[in-house]
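Work through the exercises below with the model open. Each task is followed by a worked solution.

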Amino acid sequence: MDFDKIMNYIEDLYKNDSEMDRKTFIEGTELKDFIPVVDNDVARMLKLIIYLTKPKKILEIGTSIGFSASSMARVVKEYGGKIVTIEYDEKVARQAEENFRKQGLDEVIEIKIGDAKTIIPSLDEEFDMIFQDVDKRLYPVLFEDCMKLLRHGGVLAAEDTLFPVLDLEERWHNLIEPIKEFNKLVVNDDRLFSTMLPIGDGFVIAIKK
Ligand SMILES: C[S@@+](CC[C@H](N)C(=O)[O-])C[C@H]1O[C@@H](n2cnc3c(N)ncnc32)[C@H](O)[C@@H]1O
């Protein structure tokens, strides 16, 4: 199977369908120096999960300029759900806030500015869905805290889970081991039922039984 051909076909098929695609979102964002955001196919998958499961409270770990949070918020807004998203880079977080305001999504999204390593263990509420997209070294570190925060029947999603088999630049090689560890934690955890999809840079989707 020619994977690039498949991905090009899918993106071409959906090119006029996206209400807010990644390229347009980035072009409309003043700040240009930020960590990359999810691909359109991952944004579509997040939205599909939300349409299917109608989570009232979503936790996103890793906001960047707010593309994935905005994508999710457009669906969540339709039925009164809320998103909490965490970002420690203040400049990037302020840009995300501005993007949320511009799109009329600021009522739906609360951004917490600070280190996920300290914010996550301090949270004392249940979430219906958690989207993990922070520094990859934190995926295994925060796994058990995420499990505590996720309600039974809730969805855990994570991006970049195919790092171990992608041709990454050498500067990203230190992220491979933590992702391997995270993937094993998910797969071997009896509390979860999961699968991994080859969209974006690899996307884990799991339900807490
Ligand atoms: C891949 S980006 C998130 C992309 C975003 N989910 C999207 O698709 O629109 C990861 C973000 O996590 C932030 N980050 C990294 N380490 C963090 C930490 N310890 N606490 C909070 N945010 C962190 C980075 O600054 C970066 O903006």
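The exercises treat the ligand and its surroundings, then two pockets, in a predicted model.

**Exercise 1. Find the residues that surround the ligand, and sort them by class.**

Step 1. Collect residues with a heavy atom within 4 Å of the ligand. This gives 19 residues.
Step 2. Pick out the closest. They are Val38, Ser68, Glu87, Asp115 and Asp133.
Step 3. Sort the shell by class. Nine residues are nonpolar, five are polar and five are charged.

**Exercise 2. Examine the ligand's polar contacts with Phe67, Ser68 and Tyr88, and state which part of each residue takes part.**

Step 1. Apply the cut-off: a pair of N or O atoms must lie within 3.5 Å.
Step 2. Start with Ser68. An N or O atom of its side chain is 2.8 Å from a ligand nitrogen.
Step 3. Turn to Phe67. Here a polar backbone atom lies 3.1 Å from a ligand oxygen.
Step 4. Go on to Tyr88. A backbone N or O atom of Tyr88 is 3.1 Å from a nitrogen atom of the ligand.
Step 5. Add the cover. On its own the ligand has 600 Å² of accessible area, and the protein covers 95% of it.

**Exercise 3. Place the ligand in a pocket and describe the lining of that pocket.**

Step 1. Locate the ligand. It sits in the largest pocket.
Step 2. Take the volume. The largest pocket holds about 920 Å³ of space.
Step 3. List the lining. It has 36 residues, and Ile35, Pro36, Asp133, Val134 and Lys136 are the closest to the pocket centre.
Step 4. Assign elements. Strand 2 (82-87), helix 5 (90-102) and helix 6 (116-122) each supply at least two lining residues.
Step 5. Count classes. The lining has 16 nonpolar, five polar and 15 charged residues.

**Exercise 4. Which element gives the largest share of the lining of the second largest pocket?**

Step 1. Take the volume. The second largest pocket holds about 290 Å³ of space.
Step 2. List the lining. Of its 16 residues, Tyr14, Asn40, Asp41, Arg44 and Met45 are the closest to the centre.
Step 3. Name the elements that give two or more residues. They are helix 1 (3-13) and helix 3 (40-53).
Step 4. Choose between them. Helix 3 gives the largest share, seven residues.
Step 5. Finish with classes. Eight lining residues are nonpolar, three are polar and five are charged.

How values were computed
Residues are numbered from 1 along each chain as its sequence is written. This is a predicted model: local features need pLDDT of at least 70, side-chain atom pairs count only at pLDDT 80 or more; totals for chains, interfaces and linings use all residues. Side-chain values use heavy atoms; hydrogens and water are left out. A polar contact is a pair of N or O atoms within 3.5 Å; within protein, one must be able to donate a hydrogen and the other to accept it, and residues adjacent in sequence count only if both atoms are side-chain atoms. Accessible areas come from the Shrake-Rupley method with a 1.4 Å probe; for residues, only the protein chains shown count as cover. On a 1 Å grid over the protein atoms alone, a cavity is a set of points where a 1.4 Å probe fits but cannot get out, and a pocket is an open set with protein on both sides within 12 Å along at least five of seven lines; lining residues have an atom within 4 Å of a point. A molecule sits in a cavity or pocket if more than half of its atoms lie within 2 Å of its grid points. Ala, Val, Leu, Ile, Met, Phe, Trp, Tyr, Cys and Pro count as nonpolar, Asp, Glu, Lys and Arg as charged, and the others, Gly among them, as polar. Grid points are joined across faces, edges and corners, and a volume is the space filled by probe spheres set on the points. Helices (H or I, at least four residues) and strands (E, at least two) are DSSP runs, numbered from the N terminus.
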